[in-house]
Amino acid sequence: MSPALDDPRGAALEPIRRLPGEENEPPPQSGTALCLSGGGYRAMLFHAGVVWRLVDTGFLPKLDRVSSVSGGSITAGVLALAWGDLKLDQEGAVGRYVQSVVAPLRELAGHTIDVTSVLTGLAPLRSIGEGVAAAYRKRLFGQRTLQQLPERPRFIFNATNVDSGALWRFSKPYMADYRVGRIVDHQVEVAVAVAASSAFPPFLSPHIVDLEGVTWITDEGNDLTGPEHRDEAVLSDGGVYDNLGLETAWKRCRCVLVSDAGGQMKAEDDPDRDWVRHLLRVLKLVDNQVRALRKQQVISAYQADSREPVYRDGAYLGIRSDIRNYELGDVLPCPEAQTLELANTPTRLSKLDERRQERLINWGYALADAALRRHVDPSLAPPAGFPYPSAGVG
């Protein structure tokens with residue numbers, strides 16, 4: 001039986017995995033984190049709306065960590081590089097946020113980069129992962145590196161190490177895999193970190209990072225330290241390991257806001273029977289159940305007694321939520337039929353029309369408002385309206 005299930009602290013209820021040596025660590029008593037899930041452009045724009053509401057309530061500067069996976073890492077990357085220019089403690093922060101973060105994200109959403117990257121990846125000497133990184137480099141990040149990110153909050157871009165089966169973390173202080181080791185002297189580009197984090201399987205995965213000749217730090221517990229594990233990192237989408245980006249936030253912060261724009265598996269009245277497509281369907285079933293369990297555990301932690309180790313402050317914002325469940329009389333108008341239609345936007349890096357972009361941002365904004373006022377700070381005033389009033393949510 002795994003340590004998590006044996007743990008007398010109740011870690012079996014936690015939505016993260018306790019690593020060897022962490023079983024008896026005390027729960028955090030402070031710190032605030034924002035977790036941004038995957039979900040392609042759908043997630044990228046939904047999260048942009050969530051962050052918009054955090055800006056105009058003055059909550060964003062309270063963050064100590066931003067942990068992201070996949071599509072959420074695109075939003076986090078742009079936010080991280082713009083952080084110093086936002087001047088969140090001064091008037092006009094919302095306008096600067098729109099110009100420095102929302103505008104480039106919307107510009108990217110006007111282009112299809114997944115199909116293009118797959119096609120260019122078929123050419124000799126060019127991988128699909130390199131194609132995705134090149135698109136991010138061209139349209140968002142240039143050649144700026146993780147060393148240009150702010151000290152606080154710490155931005156963590158999560159990928160999955162296919163070699164070790166563990167989480168691979170990109171951040172300013174280091175890259176790390178708890179089984180392989182740490183790299184502290186690095187100049188990894190933000191475009192590369194985000195491309196690895198958003199390497200959706202099967203078409204955009206894997207993303208290969210060449211590490212030959214890099215200096216590693218070996219910590220206690222590292223058990224894969226040979227060159228066969230350290231000369232290159234074979235990485236996939238961060239959501240393969242941790243679809244909500246919780247791992248690096250939950251263990252360090254008392255208040256955790258979870259923005260979940262993940263997809264949902266649809267029913268099939270006539271499932272494929274050939275072994276390739278049938279296997280893909282079964283793997284989706286497994287993934288869907290893991291996601292549902294993790295979500296349930298997050299919400300249970302919010303509802304636990306504050307004296308229990310598993311307890312966390314914060315709120316879960318799910319793109320498939322019904323805003324009426326927040327039981328506030330002054331939420332923005334978000335009919336469930338319309339928001340579910342937005343939630344069904346395909347998990348792609350594929351061009352979205354401007355109206356859908358605006359509605360996804362509006363929906364993230366409205367849901368963040370409801371969650372903050374219901375579960376985090378009831379004293380907040382309701383917003384005057386949507387960021388894009390004429391678009392609504394449908």
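Here are some short exercises with worked solutions on this predicted model.

**Exercise 1. Helix α4: length and bend**

Work out whether the span of helix α4 agrees or disagrees with its number of residues, then find where the helix kinks.

*Solution.*
- Step 1: Start with the residue count. Helix α4 covers residues 93–109, which makes 17 residues.
- Step 2: Turn that into a length. At 1.5 Å a residue, the helix should span 24 Å.
- Step 3: Check the model. The end C-alpha atoms of α4 are 23 Å apart, so the span agrees with the expected one.
- Step 4: Look for a bend. There's a kink of about 35° at Val 102, and the proline Pro 104 comes shortly after that residue.

**Exercise 2. Helix α4: what is buried, and under what?**

List the buried residues of α4 and name elements that cover them.

*Solution.*
- Step 1: Recall how a helix is built. An α-helix has 3.6 residues a turn, so residues three or four places apart point the same way.
- Step 2: Now pick out the buried residues. In α4 these are Ala 93, Arg 96, Tyr 97, Val 101, Val 102, Leu 105, Arg 106, Leu 108 and Ala 109. The kink residue, Val 102, is on that list.
- Step 3: See what sits over them. The cover includes α2 (40–56), α3 (71–86), α6 (128–141) and α12 (354–376).

**Exercise 3. Unusual backbone spots**

Find two cis peptide bonds and two residues other than glycine with a positive phi, and say where they lie.

*Solution.*
- Step 1: Know what to expect. Most residues other than glycine have a negative phi, and most peptide bonds are trans.
- Step 2: Take one cis bond. Arg 152 and Pro 153 are joined by a cis peptide bond with omega about 0°. Pro 153 belongs to the loop between α6 and β3.
- Step 3: Take another. From Ser 205 to Pro 206 the peptide bond is cis, with omega near 0°. Pro 206 is found in the loop between α7 (190–197) and β7 (207–210).
- Step 4: Turn to phi. Lys 87 has a positive phi, near 45°, and lies in the loop between α3 and α4. Its relative accessibility is 43%, so Lys 87 counts as partly exposed.
- Step 5: Glu 327 has a positive phi too, near 55°. This residue is in the loop between β10 (313–318) and α11 (336–343). Glu 327 counts as exposed because its relative accessibility is 61%, and the cut-off for exposed is over 50%.

**Exercise 4. Buried or exposed?**

Decide whether Ala 196, Ser 350 and Gly 329 are buried or exposed.

*Solution.*
- Step 1: Set the cut-offs. Buried means under 20% relative accessible area, and exposed means over 50%.
- Step 2: Ala 196 sits in helix α7. With 0% relative accessibility, Ala 196 counts as buried. Beyond its neighbours within four places in sequence, Ala 196 is in contact with Ala 159, Phe 170, His 207, Leu 235, Ser 236 and Asp 237. Its C-alpha atom is also 7.2 Å from that of Gly 129, although the two are 67 residues apart along the chain.
- Step 3: Ser 350 is in the loop between α11 and α12. At 19% relative accessible area, Ser 350 is buried. Leaving out residues up to four places away in sequence, Ser 350 touches Tyr 41, Ala 109, His 111, Thr 112 and Asp 114.
- Step 4: Gly 329 is in the loop between β10 and α11. Its relative accessibility is 87%, so Gly 329 counts as exposed.

**Exercise 5. Empty space**

Describe the second largest pocket and the largest cavity, and say which classes of residue line them.

*Solution.*
- Step 1: The second largest pocket holds about 670 Å³ of space. It has 27 lining residues, and those closest to its centre are Leu 19, Glu 22, Arg 169, Tyr 178 and Arg 252.
- Step 2: Sort the lining of this pocket by class: nine nonpolar, six polar and twelve charged residues. Strand β4 gives the most to it, with three residues.
- Step 3: The largest cavity has a volume of about 40 Å³. Its lining consists of Leu 34, Val 50, Leu 54, Leu 257, Leu 317, Ala 368 and Leu 372. Helices α2 and α12 each give two or more residues to that lining.
- Step 4: Sort the cavity lining too: seven residues are nonpolar, with no polar and no charged ones.

Notes. Residues are numbered from 1 along each chain as its sequence is written. This is a predicted model: local features need pLDDT of at least 70, side-chain atom pairs count only at pLDDT 80 or more; totals for chains, interfaces and linings use all residues. Side-chain values use heavy atoms; hydrogens and water are left out. On a 1 Å grid over the protein atoms alone, a cavity is a set of points where a 1.4 Å probe fits but cannot get out, and a pocket is an open set with protein on both sides within 12 Å along at least five of seven lines; lining residues have an atom within 4 Å of a point. Grid points are joined across faces, edges and corners, and a volume is the space filled by probe spheres set on the points. Helices (H or I, at least four residues) and strands (E, at least two) are DSSP runs, numbered from the N terminus. Ala, Val, Leu, Ile, Met, Phe, Trp, Tyr, Cys and Pro count as nonpolar, Asp, Glu, Lys and Arg as charged, and the others, Gly among them, as polar. The expected span of a helix is 1.5 Å times one less than its number of residues. The bend at a residue is the angle between axes fitted to the seven residues ending there and the seven starting there. Buried means under 20% relative accessible area, exposed over 50%, partly exposed in between (1.4 Å probe, protein chains only). Contact means heavy atoms within 4.5 Å.
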